[in-house]
Amino acid sequence: MDAPRPERLTDAALADALRRGGLRLTRPRRAVHAALRDLGGHRSADEVHAALAAAGTRVSRMTVYNALADLLRAGVVQRADAGPGRALFEAGAAWHHHLLCRTCGGIEDVPCVRGRRPCLSLPAAFGRAEEAQVIFRGVCRRCLEGERRKRR
Ligand SMILES: [Zn+2]
Ligand SMILES: [Zn+2]
């Protein structure tokens, strides 16, 4: 499945999204969003921090964590549930799920058929669900094709 390309948000659109959550577009928030978008894919806060440092932007690791949390709340960044371990983030607003490949360790985006949260319902007896992100575990298409080629 092709990864949905993160939309190129203008500063104004980014500022709007943050303002709806009662936040301002600060320099670190803009820098963290741009770094995540430019890296592409699913990235940890540490990877974003390293990319910023490599580009000469000096921000603390804590600033990166806080900015990611703010961008997540503003809906311009998604958290990719990939099981235990480091939290992964990606730029973009499209709600989707993930396939974790046990062969190559890759993470593939899987479109959500419903396209909005929550796409699974929680029995009311448990409370109210705000999201339900599915982790598919298995083998990605690339690896399956590789296995098939080897068998021939
Ligand atoms: Zn794979
Ligand atoms: Zn994703």
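This report covers the fold of one chain and then its helix α4.

**Overall fold**

The model is predicted. The chain holds five helices and five strands. Their order along the sequence is α-α-α-α-β-β-β-β-β-α. Four helices thus precede the run of five strands, and a helix follows it. Along the principal axes, the C-alpha atoms fill a box of roughly 55 × 45 × 25 Å. The chain has 152 residues, and 22% of them are buried. Among contacts with a separation of 6 or more, 53% join residues 24 or more positions apart.

**Helix α4**

Helix α4 runs over residues 61–73, which makes 13 residues. At 1.5 Å a residue it should span 18 Å. Its end C-alpha atoms lie 19 Å apart, so the span agrees with the expected value.

Which residues of α4 are buried? They are Val64, Ala67, Leu68, Asp70 and Leu71. These residues cover an arc of only 165° around the axis, so they sit on the same side of α4.

Several elements help to cover the buried residues of α4. The table lists helices and strands among them.

| Covering element | Residues |
|---|---|
| α1 | 11–20 |
| α2 | 27–39 |
| α3 | 45–54 |
| β1 | 77–80 |
| β2 | 88–91 |

The cover of α4 therefore includes both helices and strands: α1, α2 and α3 on the one hand, β1 and β2 on the other.

**After the helix**

Gly75 comes just after α4. Its phi is positive, at about 80°.

Note on methods. Residues are numbered from 1 along each chain as its sequence is written. Chains are lettered from A and ligands numbered from 1 in the order in which they are written. This is a predicted model: local features need pLDDT of at least 70, side-chain atom pairs count only at pLDDT 80 or more; totals for chains, interfaces and linings use all residues. Helices (H or I, at least four residues) and strands (E, at least two) are DSSP runs, numbered from the N terminus. A residue is buried if 20 or more other C-beta atoms lie within 10 Å of its own, exposed if 12 or fewer, and partly exposed in between; C-beta atoms are placed from the backbone. Two residues are in contact if their C-beta atoms, placed from the backbone, lie within 7 Å. The expected span of a helix is 1.5 Å times one less than its number of residues. The arc is that of the directions from the helix axis to the C-beta atoms.
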